[in-house]
Amino acid sequence: MKTRHFSSICVGCVVFALAAALQVLITARPLDAAVPAVVAAAGGLLFHLDPLGAFFLAVVGIGGLPAAIYGFSYTEHYEGHRSLPVFGVMFNVFLLGMSLVPCAGNIFTFVTAWELMSVASYFLVMTDAEDVDTRQAGLWYIAMTQFSLVVLLPMFLLLAPAADRTSFADLRIAAAGLSPQLRGVVFLLALIGFGSKAGIVPLHVWLPRAHPAAPSHVSALMSGVMIKLGIYGLIRVVFDFLGGGPAWWGALLLTAGSLSALLGVLYALMEHDLKRLLAYHSVENIGIIFIALGAGAILRSYGLHALATIGFAAALYHTLNHACFKGLLFLAAGQVVHQTQTRNMEDMGGLIKAMPQTALLFLIGSAAIVALPPLNGFASEWMVFQSLLAGTSIPRPEVAIGFPVAVGMLALASGLAAACFVKAFGISFLAMPRSMHASEAREAPESMRYGAWLLADLCVLLGVGASVVVPALYRVLESIDGLVPDPRLTPAPGLWIEAPRALGHLSPALIALLLAAIGFGTWLIVRSVHRRPFRVSDTWGCGRIAQTPRMEYTASAFAEPLRRVFAELYRPTQDLTVNAHPDSPYFVESITFKSEVRPWFEEAIYDPVVRAARRIAARVRLLQSGSVHRYLVYVVVALLVALASVWWTP
Amino acid sequence: MIEMLLVVGQTLAGVALAPGLVGSIRWTKARLQGRRGAPLWQPYAELRKLFAKERVVSHNASWLFHAAPFVVFGTAVAVLSLVPVVFVPTGFDSIGDLFAVVYLLLLGTFFLALAGLDTGSPFGGMGASREMTVVALTEPTVALSIFALALTAQSTNLGEIIRQTVAEPARALGPGHLLAFAALFIVTLAETGRLPVDNPTTHLELTMIHEAMVLEYSGPYLALVEWGAALKLLIFFAIAANLFLPWGVAFTPSPVALVAGFALFVVKIGALGVAVAVLETRVAKLRLFRVPELLSASFVMALLAVLSTFLVR
Amino acid sequence: MTIILLWASPAVATALAILVRPYRRSVGEASVGLAALSLLASLWLAAQALSGTVTPATATDVSRVDSLSALLAVCITFVSLVASALGPGLGADRDGNPILFRRLRLARSAAAPELEAADDEDDPAQSRRFRIFQNAFALTMIVAVTANNVALMWVAIEATTIVSAIAIPFERSKASVEASWKYLLICSVGIALAFAGTVLAYSDFVSTAGHLPDALNWNILRNAAPSLHPELMKLAFAFIVIGYGTKAGLAPMHTWLPDAHSEAPATVSAMMSGVLLAVGMYAIARWKAVVDAAVAPAFTNALLITIGLLSVAIGAFSLVIQRHYKRMLAYSSVEHMGLVSIGLALGPLGTFAALLHLVNHAVAKSMSFLLAGRILRRYDTTELARVSGLLAAMPWTGPLFAAGILTLVGLPPFGIFISEFLLLKAAVMTDHVWIAAAVLVLLLTAFISLVHHLNGMLYGPVPAGVRIGESRGWAVMALGGCAIVLLVLGLLLPPPVAALLDRSIVELVR
Amino acid sequence: MDGLFSQLVVLGSSGMLLTAIIILWRRGVPAYISAYRWQSWLLAALTACVGYFGSDAGLYGGAIALVLLKGLGIPYLLRSMERRFGAQHELRPYVNTETSLLAAGVLVLFAYALARPWMAVSALPTRAGLPLAMGLLFVSLFIIVSRKKAITQVIGFLMLENAIALLAVVGTYGVPLLVEFGVFLDALMGFLVMQIFVYQIHETFDTMDVEQLTRLKH
């Protein structure tokens, strides 16, 4: 099986998935399919693709196609490598799993597709398992995935009315009859289960470990698309089945979202590893999506349906946008890592000269993720801000005060994101190369860039064409009775995107036009006024002679002011070792300074659980002490207890 | 169609006015410090000189170094066209609101910081790092002051806010407005690199933030960047002036209203310029790691502004 | 008629192994053929059970094969066929591929002179002993499952203990002797208690219905059960659950299991862990059906759920800090048997899940143990710390072992995922939600520990002195066959299997 | 007539229980072997007696088999095994004599409490022997658990099998013939295998103390 076959098969199925999704989105009629014979006892395989599922299937397609194209050249590089066939099979199984999740029609199909996706991605993360921390990352990843399944299973089973009626339609009917406490429990289980897959703060620990360990186009898929299925699950259960709930649901989503947005970007700032930085940003963007969902949920719980729809529309729109620009960033980062054989930004630099197209791609991705105007990030973040502004019209002030705090945290997060991506792009692409690999880097092969260009164009189109895309999203929302927007508000596709009750309107297309016109005009004027060519000389260095790469600003230097500002959160560890010359302490041979920022809350939450399990295990091990007498005592005691139980059981 | 022309005219007038504003602030500071000071039109002379001079570019620089000045200047002019300086267009919906203004300015700063890093000089890197830290810390204050304004005017579009404040002045003069104005004023000082945060006149490597990024620029590029910075100053003054004291802005395209509006606008901007000049002569530059305290103070003020508008409503 | 064939083939194989004094390879091949014959017979019986004719109809006959017995008979014969095919004494080459099938394959390509030289001949005496006791083991288990008479089933189960106890010390070492002594002692005590329970029930029957000649037959006991005395039947069930629970490896009587399975040769521990535990659970399931007719099921369910939860807990937490991969597989058996015991107590859907779990576990665990045997032969250590780079060293055994472990932790597309899903569904439907929650947490613990150990074994550098590379011989294909069976059970759950399970439920849960 | 029969049965089973108590009291393997022999003989007599009163010919055969197998065969093998391993003095058991006797008493009381429903139900005249049989069962379990030497554990196990045979005889006038034959076969096979293992333990561990067998842990 040559690599081309693997990749061409998977490109084929991704295109097929996209076609199915678009067909449902356009006609708004759900597609149904059933294979009852397979495992009839568990309700057989049932597929039901409604517009919400189709939207997420489209996101899978949009994220999957470029990654599959990128896969062509990646696999050539791995040609003949032992783990290639496993990689090829698992990549296709991963895509299959992700495509089936939005189509699933009953519990069993959903859970099987969910697990297939997780198992396949575990093996993909473990492809180059030579170094230890990939194995460690793989273990973290599959443990958290299994944790999410262990939480999701009881949730689904609590929702299911009877043993044989487990289709989503039954769940929807049964959910109406549940008692408020049970609905609360189901909501919490859904939040924890889908939140751990989406990467919400306390449950995000696997994300910055697993994504960088996987090959780049796999991390693009995982970061861009897989975590979105967590969002899909949450919307499906909380808003479709349970049809929204009391205000504290939304408040919980809002708090979790703002915390994730802020902590995600704060820890991204401190990263030197390019792919870990992007992974932490996924946590931030998932936080933004949760903020939008939370705002929508709170507004719905107070009956302000018109205002709530912009929250849900913003969430869906940001999901789509994040899939595009995060996929683009990971593919571009993949090309950089592929060329420089390192993920550490300190050893990169000056790549814009050697890899101009990759640099431009990364720049477009960074501009989009930082929500700079003409691109798609700005449109969806504007809608998220509007959904938070809409919160001001909530009658209860003590709830409404949460919205400005969320606005503050979101704005701080987007400001820090700007700083983070100036660092990411500036340090790795600009100035002079700081390592031998960086200086010898060549432009990535052709097919690697096709996929990335596809996503870059999409970012621009979605940004400029926001006023056309948003009305389509409203149509997707109509398919869920929990989210039906009120008819008056759905704007026809035009040049403007509206916030409800004319709180604000914006025309991304016209802004882009304005910028282009002014920029081009200025360029024309300057060219006419000043026609002399520019002279090239050394960078100004207060009169010293040579400018060496060691004098450049590095990633840790760039982030040092912010590390000092947020020192209480980071609690950086510093150890400084100075070894002086043996003869006299005043002559220093070498100084080594090592400072590390380890997220302390990961130790605070996860280590106690692991320690407790090991303590119990140590005690259980003592049971098997080796003496046959003790074993026989166990048997006799068990017998006596069983015989005694005869009396006191009914 | 007339309103389109008026907006373009208004923008061009603003572009022309900006260097003059910087010149007047410098002149006022000089007079306050007992110096004769350069004449008001000095910045225009500098710009004319720079446009004639030759561009010197470092061999490390990439295409981004050449593009950044146009982006900085372009975003500044675009934002100016969104902010109703003299005339508030009623005919067509304005294409951007306060959030668009903030993020367009962020676009300009983003590219300027990258240009600073591009040449590989340590000063550029230091400037970019400090600039991005300051920008990141001012974002929440700007967002919250917009929140306060939007709360009272029930809209984030600038034209709408001005119209609402003029229509019901009583609501506008609440405590929330004052606090929001103070917060926004601090942000203006931080964003445009005025004294307490960054010294605009210094060339001492260790203290400059904005200057460090543009150290490498020369000739027309430097002119564009300086002009962009001046425009940014004008924008912030215009926002502070028009949104918080909007009286005198022309709503109808009649020549009388336009002239009166322009005159009033110049007066308001001049007053703000003098205020800044007075402040700069009295206050010394804050150490970089004391700036976050100033910015968090402005954030708290903005939060109180929002709270008070809530309670009043 | 087919029952006689089913019983005869392992009996003949045992006799053949005993009589042929100097052990010859033909005896090994004959026993493999006979094992295949018994598999065919059990499949034929299953087909008959499906078509509704329980043979023979008369209640007085010694053996009675209804769908439950047929199901277990198929499992037993399948596992013993695979075990005997991969057992010693067949002239296996370095990679454990028996010579017979290699000669067939190589007959087509005659250019393989190095065939004869490669055989490291197994020690004939050991092979003979293995063949005797392996076939006897299969015979006793088949008799136990198809016996109609309760006491005859007890005799057969007691015989399995004795026969397998001798098969454990294949190579005489301190550890294997100790393991077999503990196994024999604890299981004999357990079985004796089970007999006490049987006698209790029988005496209750005698005192109500008098001395019927074949009173100890299942269907007669079941029919007479409502008229028996509840107090006495509860007492009898207590003895039986503890007695047969020891054989099924349920905690706290599981202590013999890790020692016996880690010391026994791979093929024996595959049969023990795969199907011997299942026979123990079969006996408990049968007796539960009888006692439920006499007493309200709440008593038996409470007992089974308590013991089940205890087994899952002890099994799961023993996996967390585990240093030997064979003991790891043994403790996972304890955990799975705990799940089956809980399943039996959760009504019809639970019983369906429990029986499906038994079938899946039998195939998955026997495959894993056989693969562990191949790994032990290659790495010559059972320590997890010293086994790494398995995927590199053994390109065929590695992935199959990974598939085995991933089956055992309950990941799709393999079978155990479905049985665990149905078990949890049954738990929630019969509103035992807390039990479902506890089981899920324990399964998560076991999952993380097992995958952690598997992670360490599969990846990493190949230790020095370990031969790399593996020929795709017949043995790998047999184990591949087991993996495919698991996949089929996992993805499709073929209708005949489901129908067989449904009929067994009718037998068990009135 | 039934009075005499039930008294005989009670006498027989209490005798068997006494032999078990002797093992707890005495030290030294020969004493254990003789106790076991007496117990087997009593069991055989009891079976014959039940055969006579219950007019069931099969039980006579059973009694004869008991005498041959458990009365003579196994004690002979036990003695040869004991002679072979020399007069190793019985090590101090886990539980000293006083407490083990006390424990035996408690276990018999528990057996009585347990057997109460059984006695109420069983219509057979021999129902008086039921609690004693249960008592013997628990005491033999206690012997297996508390003794350290392999041989004593084997004897404990054999006594457990006697207890169950007694239970069968007293509870149900003996199980059907086929089952009887199966149980005998298992008893014999079980003992033979245990004998092999005792030799193996002696060979590999060169001690009889099962306490040494603790290599396999965790």
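Okay, straight to the strand pairing between chains A and B. Strand β5 (535-537) of chain A is joined by three bridges to strand β1 of chain B, residues 56-58, and the two run parallel. Two strands count as paired here if DSSP finds at least two bridges between them. Val536(A) sits opposite Val57(B) in β1(B). Helices and strands are DSSP runs, numbered from the N terminus: H or I over at least four residues for a helix, E over at least two for a strand.

Quick housekeeping. This is a predicted model, where local features need pLDDT of at least 70 and side-chain atom pairs count only at pLDDT 80 or more, while totals for chains, interfaces and linings use all residues. Residues are numbered from 1 along each chain as its sequence is written, and chains are lettered from A and ligands numbered from 1 in the order in which they are written.

So how many residues does each chain put into the A–B contact? Chain A gives 67 and chain B gives 70, where contact means C-beta atoms, placed from the backbone, within 7 Å. On the chain A side, the elements giving two or more residues include α15 (376-390), α17 (402-429), α21 (508-529) and α22 (555-565), along with β5. The most comes from α17(A), with 13 residues. By class, that side has 46 nonpolar, 15 polar and six charged residues. For the classes, Ala, Val, Leu, Ile, Met, Phe, Trp, Tyr, Cys and Pro are nonpolar, Asp, Glu, Lys and Arg are charged, and the others, Gly among them, are polar.

Staying on chain A, two backbone oddities. Ala371(A) has a phi near 65°, positive in a residue other than glycine; Ala371(A) is in the loop between α14 (356-369) and α15. Ala431(A) also has a positive phi, near 60°, and lies in the loop between α17 and α18 (436-439). Why flag these? Because most residues other than glycine have a negative phi, and most peptide bonds are trans.

Buried or exposed, for Ala371(A)? Buried, because it has 28 C-beta neighbours inside 10 Å. Ala431(A) is buried too, with 30 other C-beta atoms within 10 Å. The cut-offs are 20 or more other C-beta atoms within 10 Å for buried, 12 or fewer for exposed, and partly exposed in between, with C-beta atoms placed from the backbone.

On the peptide-bond side, Ala251(C) and Pro252(C) are joined by a cis bond, omega about -10°. Pro252(C) is in the loop between α10 (230-248) and α11 (256-263) of chain C.

Last topic, a helix pair across chains C and D. The axes of α8(C), residues 174-209, and α7(D), residues 177-205, come within 10 Å and cross at roughly 150°. Axes are lines fitted to C-alpha atoms, for helices over the stretch in contact, and angles run from 0 to 180 degrees between N-to-C directions. That's why α8(C) and α7(D) are roughly antiparallel to each other: under 35 degrees is roughly parallel, over 145 roughly antiparallel, 65 to 115 roughly perpendicular, and the rest oblique.

Among the residues making this contact are Trp181(C) and Leu184(C) of α8(C), and Met194(D) and Phe197(D) of α7(D). By class, the contact has eight nonpolar, five polar and one charged residues.

Conventions. Contact = placed C-beta atoms within 7 Å.
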